[in-house]
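Could you walk me through this model in my viewer, one selection at a time? I would like to know what to pick next and what is there.

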Amino acid sequence: MSQSLNFLIPSSRLSDTTVPKQFPKPSLISTFATRLPVAKAHIRRPIAAVLTSDNGKGVGGVVAADVGSFEVDLVTEAELKENGFRSTRRTKLVATIGPATSGSEQLEALAVGGMNVARINMCHGTREWHRLVIERVRRLNEEKGYAVAVMMDTEGSEIHMGDLGGAPSAKAEVHSLYVPLMRFALVIGGKGVAYSPDKLAYLMDGEIWTFSVRAFGSPRPERTITVNYDGFAEDVKVGDELLVDGGMVRFEVIEKIGPDVKCLCTDPGLLLPRANLTFWRDGSLVRERNAMLPTVSSKDWLDIDFGIAEGVDFIAISFVKSAEVINHLKSYIKARARDSDISVIAKIESIDSLKNLEEIIQASDGAMVARGDLGAQIPLEQVPSAQQKIVQLCRQLNKPVIVASQLLESMIEYPTPTRAEVADVSEAVRQRADALMLSGESAMGQFPDKALTVLRSVSLRIERWWREEKRHEAMELQDIAASFSDSISEEICNSAAKMANNLEVDALFVYTKTGHMASLLSRCRPDCPIFAFTTTTSVRRRLNLQWGLIPFRLSCFSDDMESNLNKTFSLLKARGMIKSGDLVIAVSDMLQSIQVMNVP
Ligand SMILES: Nc1ncnc2c1ncn2[C@@H]1O[C@H](COP(=O)(O)OP(=O)(O)OP(=O)(O)O)[C@@H](O)[C@H]1O
Ligand SMILES: CC(=O)C(=O)O
Ligand SMILES: [K+]
Ligand SMILES: [Mg+2]
């Protein structure tokens, strides 16, 4: 049986760019109260007729030969078959690829483990190395049927240290962290991508190091670190506190000699190459001329060209300060690659990005809560509330959001997470962020697969728990549509998601050309999974980052919903991914309707 609710709007109305006064946007309740009587006249039952005809012929003249084909990734297919709709994972997983995971076998292990997006960080490694990683991911997708998207993360131009060159390593007084990292460095040693032991330094209390903006030949003077920011020596003052990676190592500035700044190590720890530097005066972060540094450096522009040429799916921009840079980059991408479909993700990791949060997120295609650098710029105790705010704002504005950094930091060294880390992951899942990200855990840790497994199992468990308890706070979603036609789509999705929860349907189906209707459904965070059917590979990969969406690529679909449904039901049934009797709600961006039906 099928029932449908159609919105019969003259097509001239759909092209309106503004919401006209005579068509007030109905609230969820009034959609049903005022529109249902109109729609009732159009309740149809043709789907059942189409789908119960066993000879493959439907009322729309759809025959079996016209069924076409679809692509869904191997891992999702296996999960659906094994556990059914209800228990598919809604939270998406991003893994940073580094020396520990760049081989095809390791990449495949991550794909099997549920990695939806592979992230490459242009702070590290060479372009050739990254190209190889992208090629391997693409090959796995093509040959083995995965659908892993690729995200390129720019370096950004905040202040950081250079490579450590010939920095001495303090092998005698090893810190507990030093041993596994050393071992790892020895195992993975390779050009440009890995740290060799002499490129790590463990600092001792009371040591004096020189931070310099000079360029050195090799060998570099002992205990010297280069800084990428020319204004550094001028901007710091004697007495300032210098923090490496938000406090992993601390120094006090004791003397300035031209381009060199002598610093006393006050809090010892491990120095990693290219670590981020911040300096503090009287307890506040100092942002002198570095606040004027461009968000996208000249090296970043070359990396962006590289990303466009390699056809990455997402470009994440580090240290975004305003919406302007996002708009600039988006027009640059459009001009460089007309038919490219690259999403721009704004990394929220600076004070400026928090100040201009709404306009930045509005301009972007998604955001990342980059807690590593964010925690070096604002007091640590403010990071959790900033995270919650960013996650909620992204959902309001319908942009996917990734929670990143130190989720399972201890798993760089140990095979199990701390209980506190599990609680942190749970909180991000409970906030219903679109995605969680692994950094060092997968890039250079000893247990990348195990870390991914922890993210997957914690996500599944917490999602189920909150669904069963029905304790998710219902978020009042603001209207975001820019046109009348968009308003209809938004209302349809809000209503369909609500119906799906109330009727406890097994799945929502959405047929979407651009992915927009799929993301509007995802924004509602319904109890059931959302099967998103699209015809483009790039849209399908992009949807991989969004909460609850299971993206499928159909070889084709038409404006005729009955034929689409007919086709998909046969394909999914043939693959054992749905069965007769499953209750489904379908919407599409071709036809403004909501259809409720049992799979015949
Ligand atoms: N391509 C790579 N080659 C070598 N090491 C890498 C690579 N990618 C990541 N790493 C290692 O993994 C660590 C964590 O990765 P991540 O991408 O979070 O970088 P990050 O430098 O800490 O921060 P950010 O994301 O702010 O640039 C890095 O500090 C580095 O040690
Ligand atoms: C991911 C990132 O850039 C950070 O946490 O700083
Ligand atoms: K980066
Ligand atoms: Mg960062």
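Here is a tour that starts with the whole chain and then visits the ligands, some helices and a few single residues.

**Stop 1: the whole chain**

Keep in mind that this is a predicted model. Show the protein chain as a cartoon: its 600 residues, of which 44% count as buried, include 21 helices and 24 strands. If you compute a contact map, take the contacts between residues at least 6 apart in sequence; 71% of them join residues at least 24 apart.

Now colour by domain. Domain 1 takes residues 2-83 + 476-598, domain 2 takes 91-157 + 293-467, and domain 3 takes 178-292. For a sense of scale, the C-alpha centres of domain 2 and domain 3 are 25 Å apart.

**Stop 2: ligand 2**

Select ligand 2 and expand to its shell. You should find Ser318, Lys347, Glu349, Ala370, Arg371, Gly372, Asp373, Ala404, Ser405 and Ser439 around ligand 2. Sorted by class, this shell holds two nonpolar, four polar and four charged residues. Which helix gives the largest share of the shell around ligand 2? Pick helix α13, residues 371-377, which contributes three residues.

**Stop 3: ligand 1**

Move on to ligand 1, which has 15 residues around it; Gly98, His124, Gly125, Ser439 and Ala443 come nearest. Helix α13 turns up again here: α13 and α16 (440-443) each supply at least two residues of the shell around ligand 1. The classes in this shell are six nonpolar, eight polar and one charged.

**Stop 4: glutamine 377**

Stay with helix α13 and click on glutamine 377, which has its place there. Is glutamine 377 buried or exposed? Glutamine 377 counts as buried because it has 21 C-beta neighbours inside 10 Å, and the cut-off for buried is 20 or more. Beyond its neighbours within four places in sequence, glutamine 377 is in contact with Thr278, Leu285, Ser350 and Ile351. Add a distance label to glycine 246 as well: 131 residues separate glycine 246 and glutamine 377 along the chain, yet their C-alpha atoms are separated by 7.5 Å.

**Stop 5: helix α9**

Select residues 298-310, which form helix α9. From first C-alpha to last, these 13 residues reach 19 Å, close to the 18 Å expected at 1.5 Å a residue. Show the side chains of Asp300, Asp303, Ile304 and Gly307, the buried residues of α9. They sit on the same side of α9, because they cover an arc of only 105° around the axis. What do the buried residues of α9 pack against? Turn on β5 (149-153) and β15 (314-317) to see their packing partners. Then rotate to the other side of α9, where Ser298 and Leu302 are exposed. Just after α9, look for glycine 311, with a positive phi of about 65°.

**Stop 6: helix α5**

Next, select residues 104-112, helix α5, whose buried residues are Leu107, Leu110 and Ala111. These too lie on the same side of their helix α5, because the arc they cover around the axis is only 100°. Bring in α4 (74-83), β3 (92-96), α6 (127-144), α16 and α17 (448-469), against which the buried residues of α5 pack. Just after α5 comes glycine 114, with a positive phi of about 110°.

**Stop 7: helix α18 and glutamate 504**

Jump to helix α18, where 20 residues reach 28 Å from first C-alpha to last, close to the 28 Å expected at 1.5 Å a residue. Its buried residues include Ile492, Cys493, Ala496, Ala497 and Ala500, and also Glu490 and Glu491.

Follow the chain out of α18 into the loop between α18 (484-503) and β20 (507-511), and pick glutamate 504. Most residues other than glycine have a negative phi. Glutamate 504, though not a glycine, has a positive phi of about 50°. Glutamate 504 counts as exposed because it has 10 C-beta neighbours inside 10 Å, where the cut-off for exposed is 12 or fewer.

**Stop 8: glutamine 406**

Finish in the loop between β18 (401-404) and α15 (419-430), where you will find glutamine 406. Glutamine 406 is another residue other than glycine with a positive phi, near 65°. With 16 C-beta neighbours inside 10 Å, glutamine 406 counts as partly exposed.

Notes: Residues numbered from 1 in each chain as written. Chains lettered and ligands numbered in written order. Predicted model: local features only at pLDDT ≥ 70, side-chain atom pairs only at ≥ 80, totals over all residues. Near = placed C-beta within 6 Å. Helix = DSSP H or I, 4+ residues; strand = E, 2+ residues; numbered from the N terminus. Nonpolar A, V, L, I, M, F, W, Y, C, P; charged D, E, K, R; others polar. Contact = placed C-beta atoms within 7 Å. Domains from an automatic or database assignment. Expected span 1.5 Å × (residues − 1). Arc of directions from axis to C-beta.
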